[in-house]
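Grab a coffee and work through these exercises with the model open beside you. Each one sets a task, then walks through a solution.

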Amino acid sequence: MLTELSIRNFAIIDEINMTFNEGLTVLTGETGAGKSIIIDALQLLAGGRGSVDFVRHGAKKAEIEGLFTINHNHAVYHVGKEYGIEIEDGMIVLNRSITSNGKSICRVNGKLTTLAILKEFGKVLIDIHSQHETQSLMDRDQHIHLLDLYDRKRITKAKENYSVLYDKLVKLKKRYEELNENEREMAQRLDLLEFQKHEIESASLVPNEDEELEQERSQLANYERIYNSIHDAYNALYGEQKAIDWLNLAQQSLQNIKEYDESISDKAEQLSSSYYIVEELAFDLRSYLDTLHFDSQRLNEIESRLDEINRLKRKYGTTVNDILEYAAKIEEEIEQIKNKDSHLSQLKKQIDEMEQDAFLEAKQLHDIRRESARLLTEDIKKELKELYMDKASFSVVFETKPYDYNQGQLQLHENGFDHIHFEISTNPGEPLKELGKVASGGELSRIMLALKKIFSSHQRVTSVIFDEVDTGVSGRVAQSVAEKIQQISKTSQVLCITHLPQVAAMADTHKLIAKEQKGERTTTTVSELNDTQKMEELSRMITGTKLTETAKEHAKELLELASAYKMQNE
């Protein structure tokens, strides 16, 4: 969830620091107090489009920072791994600054990132909904993913099986296209490959040759130092100092007394063993000294050979083994080009077989989606009924028809052969329309809440933010909207800007956004309300300005009803 939010020099906000809790946090206040500005700041934090107009007048930069606490299996860990950003202790910090000259600076856990990367983190941490911004729920391209999320348990396995075959199919088709290029390009490619093959073969490379030559060159180039050091080591053991003789004397001395003192026995054996090891080492050093010799001609040969190898490395690989591997690869490609027709025929056969296998998996995926769509439709109708839209019709539209896949007329893509979008009709007799074309703001808000109620637990977004989605509703519908938002807050943290007292009464935490004048400047302030202040704020929301006893009684009743509803649905 979003735990801490800091906003500095942003629009009319001088500086505010907000702490958030789990459940439902409601933000209320007069129009123009700065409620929507806080949502604008969160949109920027999630990677939204920035503007120099957001920087408070007279400030050098606007800055927004948010701390999120996450569970161990949150999707943000995959995003962090993909972009090389470590996430420790279940916490992640997003930071966004906009300078007065329009430059945007983004950080994730203190690491500088691009805006595109910040947006990838924002997608899995913050989900903002307003009457004009509903993100994935109104994007028809995302509907197939939402359906797959709804029935994740069954669809994931089928989708994985299909994806394996589809990826292989894509690679085969790409290879077919590459091999089927025009004759001139293929002839030029063949000339290049044969030149490269000849150049590598002419060098007569041997596996690991570069490593062995570099080791031999190092030995010859440092011959004098190596010889002197080994000679000194040998003399220290068998020269005038005769360290080996002193070691022998020591071990014999202990051997002579070990029968009189048992505690000496182990030490005598250890020293004796060490003596023989050192003696053998001394002999090895002497033998190695005899093999050492300096050959300037050989050193020149090595240098020349390494120059030739390094020239090839600059073209074909970082090691000799890489070059040889590349040579084998181009030899295979040369053979394919020279026998192009045969290989094209073989590839076409493989593509046809893979396409049939992938199509069968796509058909199985389609059948599961059909059943999932039926269950989703029932769930959404139930949610809409609770929002007093029991006459509404909802449909998951499959643009593919049965005869298409029976006759093999479909084009496979990464999600199978399905193209899906959601449609709804809000009144009897009206045709189904795409979600984004529903006219009434109040209806659109309720549809979005119904969808969000179902998908919030599946999408696993950390914080869901509603910006005045309750606009255009009142009475019993307002109460149902409040209940739906509260239900969503049981699976995701919810931050909600509202003008409805019914929604505000459901809050687990109620924050008041106010605008005040400090000196000659206007700024926004945020305060968390206690129980008495909550009732007063609800009273103001009911009456507008004047607090009457009737309004207070009504506010008190709303709070009691909200408390009873939450207890009943725990």
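## Exercise 1: two helices and their angle

α4 and α5 are roughly perpendicular to each other. This is a predicted model, so treat the exercises as reading practice on a prediction.

**Task.** Work out which angle lies behind that description, and which residues of α4 and α5 meet.

**Solution.**
- Start with the axes: those of helix α4 (residues 143-150) and helix α5 (residues 152-179) come within 6 Å.
- Next, read the crossing angle, which is roughly 115 degrees. Angles from 65 to 115 degrees count as roughly perpendicular, and that is why the pair gets this label.
- Now list the partners. From α4 you have H145, L147, D148, L149 and Y150, and they meet R152, I155 and K159 of α5.
- Finally, sort by class: the contact holds 4 nonpolar, 1 polar and 3 charged residues.

## Exercise 2: walking across a sheet

**Task.** Find the order of the 6 strands in the open sheet, then say which are the edge strands.

**Solution.**
- The order reads β2-β1-β4-β5-β6-β7, with antiparallel pairing.
- The edges are β2 (13-19) and β7 (111-113), each of which pairs on one side only.
- As for twist, neighbouring strands are turned by 15 degrees against each other on average, ignoring direction.

**Task.** Now zoom in on β5: which strands pair with β5, and over how many bridges?

**Solution.**
- On one side, strand β4 (residues 61-69) pairs with β5 in the antiparallel sense over 9 bridges. To find your place, look for T69 opposite M91 of β5.
- On the other, β5 pairs with strand β6 (residues 104-108), again antiparallel, over 5 bridges. Here I98 sits opposite S104 of β6.
- The β5-β6 hairpin has 4 residues between its strands, and G102 takes a positive phi near 95 degrees there.
- Check the cover too: in strand β5 (residues 91-99), 7 of the 9 residues are buried.
- One step further along, β6 and β7 run antiparallel and are joined by 3 bridges, with C106 opposite T113 of β7.

**Task.** Which strands does helix α1 touch, and which does helix α3 lie across?

**Solution.**
- Helix α1 (residues 35-45) packs on the sheet, touching β1 (2-10), β2, β4 and β5, and its direction makes about 105 degrees with that of β1.
- Helix α3 (residues 115-125) lies across β4, β5, β6 and β7, at about 135 degrees to β5.

## Exercise 3: inside the cores

**Task.** In the largest nonpolar core, which residues touch the most other members?

**Solution.**
- The core has 51 residues, and the best-connected are L376, V396, F422, F466 and I485.
- Helix α15 (residues 441-459) supplies the largest share, 7 residues.
- Take I485 as a test case. Beyond four places in sequence, I485 is in contact with L24, L449, F466, V469, V494, C496 and V503.
- Apart from this core lies another, of 44 residues, including A41, L44, L45 and I87.

## Exercise 4: a lysine to classify

**Task.** Is K313 buried or exposed?

**Solution.**
- First place the residue: K313 is in helix α11 (residues 296-316).
- The relative accessible area of K313 is 18%. Buried means under 20%, so K313 counts as buried.
- Then see what surrounds the lysine: leaving out residues up to four places away in sequence, K313 touches D210, E214, T318, T319, V320 and I323.

Notes. Residues numbered from 1 in each chain as written. Predicted model: local features only at pLDDT ≥ 70, side-chain atom pairs only at ≥ 80, totals over all residues. Heavy atoms only, no water. Core = buried A, V, L, I, M, F, W, Y, C linked by side-chain atoms within 4.5 Å. Buried < 20%, exposed > 50% of the residue type's maximum accessible area, 1.4 Å probe, protein only. Helix = DSSP H or I, 4+ residues; strand = E, 2+ residues; numbered from the N terminus. Contact = heavy atoms within 4.5 Å. Axes fitted to C-alpha atoms, helices over the stretch in contact; angles between N-to-C directions. Parallel < 35°, antiparallel > 145°, perpendicular 65-115°, else oblique. Nonpolar A, V, L, I, M, F, W, Y, C, P; charged D, E, K, R; others polar. Pairing = 2+ DSSP bridges.
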